[in-house]
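Reader: Got a minute to go over helix packing? Let's see it.
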Amino acid sequence: MGETLGIWIAAGLTLMMFSFIYRDNVLFKIGEHLYLGLSVGYFINVQYWNTFYPEVFSRIVYDHNYVVIVPAVLGFFLLLRLVPSLSWLSRWSFAFYIGGFAGLAVPFVLNGLLLPQLTSTLVPFQPATSAAANLANINQVIILVAVFSVLIFFFFSLEHKKLVGSVSKVGLFFLMLGFGAAFGTTVMARVSLLVGRFQFLIEDWLMGRIFRAG
Amino acid sequence: MQFLRRQLPVIIAFVVGLSMWVLFYVPTQKSLELQDGFTLWVRIIVGFAAVLGVLSVVNHHYNKIKAKRPGYAFSFITLGAFLLMALSGFIKAPLPGFAAGNNKPDSLHFWLYNNMMLPMQATMFSILAFFIASAAFRAFRARSMEATVLLVAACVTMLGRVPLGELMKLGDPIFLGGPAPIDFPWWSSWLLNVPNSAAQRGILLGVYLSQIAVAIRIIFGIERTYMGGGD
């Protein structure tokens with residue numbers, strides 16, 4: 001029964017979700033709640049098969065590695081968040097992983113993110129031997145001006161007046177260019193998803209099942 | 001008791017945080033093993049955090065049904081779908097019409113994922129295209145210089161990524177090896193690679209510095225919001 005029923009159900013659910021374009025209605029609400037339930041069920045499966053089974057159950061039962069009982073107990077303390085009288089125990093778990101990640105974040109962010117971003121901003125100019133090199137140099141100047149002015153735009157320790165105000169206006173101009181480009185790519189990503197859904201409805205469902213069957 | 005509730009968590013965060021920080025700069029096998037061990041422990045703890053999230057959703061809908069709050073009938077759908085999806089993944093026995101196991105393409109779990117969850121997810125995100133368009137109509141009216149720049153950048157980026165934009169090429173290159181004045185694919189990729197990445201970099205540099213500052217505040221116990229309220 002798999003494929004045909006699956007396509008009919010997928011098409012029905014797609015139309016139910018599309019009905020929200022008209023307005024919020026009972027069909028959309030059914031679809032919305034169905035999606036929530038399914039995704040939560042899927043999520044718990046992913047956690048179980050990717051984490052609990054290999055990392056906790058297998059290690060304890062098959063490998064006799066009992067050390068993982070400690071993080072499992074810390075993890076269990078998180079669930080005590082739902083029991084008001086014992087919810088303070090969850091702080092130990094939060095402190096363990098938030099503290100640990102904070103410790104890792106300092107060198108990782110510094111060496112892996114901050115410094116590489118600075119390094120790629122401050123690259124030396126290329127000898128002006130070709131049109132491509134000239135273009136790269138122009139782009140490099142634009143990047144330097146943009147990064148500096150955007151940083152000034154977010155620097156609130158100085159009043160944005162006179163020179164600082166003018167530089168921050170340049171920063172705002174580059175931010176708007178960046179936001180516009182980001183908006184354009186987001187729209188295109190959503191539209192390609194929309195095209196995908198219409199392709200499914202027209203090709204797989206209407207042409208593949210209804211008109212072919214008719 | 002107050003020590004266990006309020007001071008011990010700060011000590012745990014300090015000891016674990018400082019250890020992880022220092023271990024990063026210790027190039028020994030033992031140090032790498034300890035970092036890997038920490039990552040494993042965190043994966044397990046975060047797994048339980050996910051269970052906490054799931055329990056919260058189930059608890060919310062159970063209470064909604066129990067109290068017969070408005071719209072409680074929809075909560076039956078959520079709980080039913082949750083049970084169906086969860087059990088289909090846990091039960092390894094063959095179900096009528098479906099293959100046994102939970103990791104096979106023709107198992108019930110995969111069938112539910114491919115024919116119900118995935119189409120709804122894609123449709124949910126795709127209808128955002130309509131709302132983005134209506135929001136853009138309101139926001140993009142060129143009322144100020146900034147709005148005009150945003151509008152032009154967005155239009156050029158979009159036109160550069162559709163076949164129609166590729167056909168619209170006009171004029172000679174501005175300079176040798178450069179683009180034509182109207183060459184949407186070129187200007188679109190330039191906008192993304194030069195001004196956009198520079199603006200993002202300006203924002204990200206601030207974000208990274210803040211991340212380091214917050215991390216140091218957490219390690220030294222200045223930032224304690226992760227402990228929540230109460231005693």
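Author: Start with how axes are defined: they are lines fitted to C-alpha atoms, for helices over the stretch in contact, and angles run from 0 to 180 degrees between N-to-C directions. Also, this is a predicted model.

Reader: Fine. At what angle do H6(B) and H8(B) cross?
Author: Roughly 120°. Helix H6 of chain B covers residues 145-159, and its axis comes within 7 Å of that of H8(B).

Reader: Why call H6(B) oblique to H8(B)?
Author: Because of that crossing angle. Angles of 65 to 115 degrees count as roughly perpendicular, and those over 145 as roughly antiparallel. The angle of roughly 120° fits neither class, so H6(B) is oblique to H8(B).

Reader: Left-handed or right-handed crossing?
Author: H6(B) and H8(B) cross in a left-handed way.

Reader: Which residues make the contact?
Author: From H6(B), Ala153(B), Val156(B), Thr157(B) and Leu159(B). From H8(B), Phe184(B), Trp187(B), Ser188(B), Leu191(B) and Leu192(B). By class, the contact of H6(B) with H8(B) has seven nonpolar residues, two polar and no charged ones.

Reader: Stay on H8(B). How many residues does H8(B) have, and how far does it reach?
Author: H8(B) runs over residues 184-219, 36 residues in all. From first C-alpha to last it reaches 49 Å, close to the 52 Å expected.

Reader: Where is the kink in H8(B) centred?
Author: On Asn196(B), with a kink of about 35°.

Reader: And what follows H8(B)?
Author: Gly221(B) follows H8(B), and its phi is positive, near 75°.

Reader: Switch pairs. How do H4(B) and H5(B) pack?
Author: H4(B), residues 108-126, and H5(B), residues 128-139, pack at about 10° with axes 5 Å apart. That angle makes H4(B) roughly parallel to H5(B).

Reader: What touches there?
Author: Met124(B), Phe125(B) and Ser126(B) of H4(B) meet Leu128(B), Ala129(B) and Phe130(B) of H5(B). The contact of H4(B) with H5(B) counts five nonpolar, one polar and no charged residues.

Reader: Over to chain A. What about H3(A) and H4(A)?
Author: H3(A) spans residues 69-79 and H4(A) residues 90-121. They pack at about 125°, axes 7 Å apart. That makes H3(A) oblique to H4(A). H3(A) passes H4(A) in a left-handed crossing.

Reader: Which residues of H3(A) meet H4(A)?
Author: Leu74(A), Phe77(A) and Leu78(A). Their partners in H4(A) include Trp92(A), Phe96(A) and Tyr97(A). By class, the contact of H3(A) with H4(A) has seven nonpolar, two polar and no charged residues.

Definitions and conventions
Residues are numbered from 1 along each chain as its sequence is written. Chains are lettered from A and ligands numbered from 1 in the order in which they are written. This is a predicted model: local features need pLDDT of at least 70, side-chain atom pairs count only at pLDDT 80 or more; totals for chains, interfaces and linings use all residues. Side-chain values use heavy atoms; hydrogens and water are left out. Helices (H or I, at least four residues) and strands (E, at least two) are DSSP runs, numbered from the N terminus. Angles under 35 degrees count as roughly parallel, over 145 as roughly antiparallel, 65 to 115 as roughly perpendicular and the rest as oblique. A crossing is left-handed if the near helix is turned anticlockwise from the far one by less than a right angle, and right-handed if clockwise. Contact means heavy atoms within 4.5 Å. Ala, Val, Leu, Ile, Met, Phe, Trp, Tyr, Cys and Pro count as nonpolar, Asp, Glu, Lys and Arg as charged, and the others, Gly among them, as polar. The expected span of a helix is 1.5 Å times one less than its number of residues. The bend at a residue is the angle between axes fitted to the seven residues ending there and the seven starting there.
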